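Biologist: I am new to this structure and would like to go through its side chains step by step. Could you show me the sequence and the structure before I ask?

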Amino acid sequence: MRSRSARNLFRDRARLAIAVCVLGGLALRLALLIHAGWRYDYDEGMVGLQVLRIQRGAHPVFHPGQPYLGALESYLIVPLFALFGANAVTLKLVPWLLSGAYVGTTGWLGMRAFDRQVGALTAVLAAFGPVYLLVTGMKTWGATAETLVLGNLALIAASYVVDADRSLDARIRALALLGLIAGIAFWVSWLFVFYALPVAVVLIWRGRDLPRRMWALAVLAFLVGSAPFWAYNVDHPLATFRYFLDERGAVPATTGQVLDHLVNDLGPRLVSGDPAWGRLSWPAIWWLQLVYEGGAALLVLWAVCGPWVPERRPARALLALFALGVPVIYVLSGWGDRALNAYGFDATGRYVLMLYSALPIGAAAALIALGRWRPWLRGLAAAAVTSVIALNLLGVVRADPMRAFTSPYYTRQPATLEPLIAFLDQQGITAVWTDVGIAHVLMFETHERIVAADWYDIYAAKGLLRFPDVPVEIAQADRVAFVETILPGQTDVPIEQAFAASGVPYAAIRVTPDLLVIVPFAPVDPVSLGDAMGYQF
């Protein structure tokens, strides 16, 4: 009785520690958001615009132009907009809250695979993680935070399904829940494949003793969770599958090139931050890679042996297969090709961020094992934990939050569009051709009082047409402004030169040092401006 009471007390303390870490992680992330002025990029603005349209009666299944990215996040934001208004703060609250769920579920997963001490330390490392995790994990990108949380929940549910110490009823409930989670994740983002493959392997290995009718229940739960996906693909015959069969701008690359980029660029980026943000020294990054990525490598060893109870081996096998599978799938999938762009920006970091379902667990297990191996090593393990957390916090302090929360694709997003909005309102202009990095933000800031689109991106570069009605409305407007990001003091702006050569009378106004507005006094076909409508930077 006394031993059982002690175990319950220790379990409660571990759960309390994880709960405290969730609150601490949320507090750290909130401070980062506030310091960044709740900055959001054009992709996030697109999500905000979709929420506004849902409030006006739309019922989207996917994000516009991407029939593979479920609109779950938009629907989660709807009640926040209804209660507190549509603004930058409410736009960010859902991924912020989901980041807390990530901390809690990662700690829970560490506890399921190893023990309560590992689970508690995992939660600490997830709460006070590298700045790249903190920033990218709070982007309102439609599926980033959701995939991490749904993936963690799938691994946790699968660990209960294959847990022979659980009752048959408990395992069946876990299987049905796993089916529902997998269905929702299948709709939200196919990045869930990172989690689905290890789950499938372990279920085939250790779940064959479950009654066959229970697998039918899991399939039914999957179909319920993924119902929006199938409904859309019936109404729009196999649109998702046809989209992926279309090689939309893929850049051919060898497996070796993608692997080299993963190891030498994304690896350091994941444990620190984007170099453009201002990050840690290379010795610090190497140390963090040793702890995080070394711990992930040890997950593979501990799946078959190690100082852990054999009953937790299936859960550790899930993590080992996951840690192995993420880089392999990424390198072979073709998505890694997009990282090898000519401009050097971070195009694919979000696709491997899911590694953070395993990295904190591997690091926590490695450091706890080190402390248990020899009593005199406990101080070294404690120092290592302290150094990792300290370096992560130093990375947060050193990072420029305005740069960090700017789009990785369009880095010259102005700090504020208020002067531009004030000028357009003063002129009575409600239609704008501009850089896509500005367009969605401008529309969201004005709740679509002003409509904006990137003519060059849509029609010349064959980019995604997010909102088909918007360019039509701009083309039909009586007055249209052209807005371009510029360098302070720049005089050789391509679009201004194109207007001067066209013979169309116009006024050029620099509403801020980095924003040029051209107001033509006669109708102008954007086609006549040629490449001047393209990307200056």
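Modeller: Please keep in mind throughout that this is a predicted model. A good place to begin is phenylalanine 229, for which burial means a relative accessible area under 20%. Its own relative accessibility is 0%, so phenylalanine 229 counts as buried.

Biologist: Which residue forms an aromatic pair with phenylalanine 229, and is that pair stacked or edge-to-face?

Modeller: The partner is phenylalanine 241, with 5.8 Å from centre to centre and 85° between the planes. Planes over 60 degrees apart count as edge-to-face. The pair of phenylalanine 229 and phenylalanine 241 is therefore classed, by that cut-off, as edge-to-face.

Biologist: In which helices do the two residues of that pair lie?

Modeller: The pair links distant parts of the chain, its members being twelve residues apart. Phenylalanine 241, which at 30% relative accessibility counts as partly exposed, belongs to residues 239–245, whereas phenylalanine 229 belongs to residues 227–235. In that order, the helices are α12 and α11.

Biologist: How many aromatic pairs does the structure hold?

Modeller: The pair of phenylalanine 229 and phenylalanine 241 is an aromatic pair, and another is formed by phenylalanine 192 and tyrosine 195. For the structure, the number of aromatic pairs is 32.

Biologist: Why is the pair of phenylalanine 192 and tyrosine 195 stacked?

Modeller: The ring centres of phenylalanine 192 and tyrosine 195 are 6.0 Å apart. Phenylalanine 192 counts as buried at 8% relative accessibility, and tyrosine 195 counts as buried at 0%. The pair is stacked because the ring planes, for which the limit is under 30 degrees, stand at 25°.

Biologist: Over which ring does the charged end of arginine 350 sit?

Modeller: Two such placements can be described, and in one of them the charged end of arginine 206 sits 5.2 Å from the centre of the ring of tryptophan 205. For arginine 350, the distance to the ring centre is 3.7 Å, and the ring belongs to tryptophan 141.

Biologist: Which helix gives the largest share of the nonpolar patch on the surface?

Modeller: The patch is formed by Leu177, Leu180, Leu217, Leu220 and Val224, which together have about 420 Å² of accessible area. Two elements give two or more residues to the patch, namely α8 (168–188) and α10 (212–225). Leucine 180 is found in helix α8 and is partly exposed, with a relative accessible area of 33%, but the largest share, three residues, comes from α10.

Biologist: Which residue of helix α2 meets aspartate 469 in a salt bridge?

Modeller: The structure holds 15 salt bridges, and in this one the N to O distance is 3.1 Å. Aspartate 469 lies in helix α23 and its partner in helix α2 (residues 42–55), so the pair ties together parts that are 416 residues apart in sequence. Aspartate 469 is partly exposed, with a relative accessible area of 37%, while the buried partner, at 17% relative accessibility, is arginine 53.

Biologist: How many residues apart in sequence are the parts that arginine 372 and aspartate 115 tie together?

Modeller: The side chains of arginine 372 and aspartate 115 meet in a salt bridge of 2.8 Å, N to O. Arginine 372 lies in helix α17 (residues 359–373) and aspartate 115 in the loop between α4 and α5 (116–127), so the separation in sequence of the parts they tie together is 257 residues.

Biologist: In which strand does arginine 510, the salt-bridge partner of glutamate 496, lie?

Modeller: The closest N and O atoms of glutamate 496 and arginine 510 are 3.8 Å apart. Glutamate 496 is buried, with a relative accessible area of 17%, whereas arginine 510 is partly exposed at 38%. Glutamate 496 lies in helix α24 (residues 494–502), and arginine 510, in residues 506–512, lies in strand β6.

Biologist: Is lysine 462, a residue with a positive phi, buried or exposed?

Modeller: Lysine 462 has phi near 60°, a positive value in a residue other than glycine, and its place is in the loop between α22 (455–460) and α23 (469–475). The limit for the exposed class is over 50%. At 61% relative accessibility, lysine 462 therefore counts as exposed.

Methods. Residues are numbered from 1 along each chain as its sequence is written. This is a predicted model: local features need pLDDT of at least 70, side-chain atom pairs count only at pLDDT 80 or more; totals for chains, interfaces and linings use all residues. Side-chain values use heavy atoms; hydrogens and water are left out. Rings of Phe, Tyr and Trp (its six-membered ring) pair if their centres lie within 6.5 Å; planes under 30 degrees apart count as stacked, over 60 as edge-to-face and the rest as tilted. Buried means under 20% relative accessible area, exposed over 50%, partly exposed in between (1.4 Å probe, protein chains only). Helices (H or I, at least four residues) and strands (E, at least two) are DSSP runs, numbered from the N terminus. A charge sits over a ring if NZ of Lys or CZ of Arg is within 6 Å of the ring centre and within 35 degrees of the ring normal. Patches are made of residues with over 30% relative accessible area and no salt bridge: like charges are joined within 9 Å, nonpolar side chains (Val, Leu, Ile, Met, Phe, Trp, Tyr) within 5 Å. Accessible areas come from the Shrake-Rupley method with a 1.4 Å probe; for residues, only the protein chains shown count as cover. A salt bridge is a side-chain nitrogen of Lys or Arg within 4 Å of a carboxyl oxygen of Asp or Glu.
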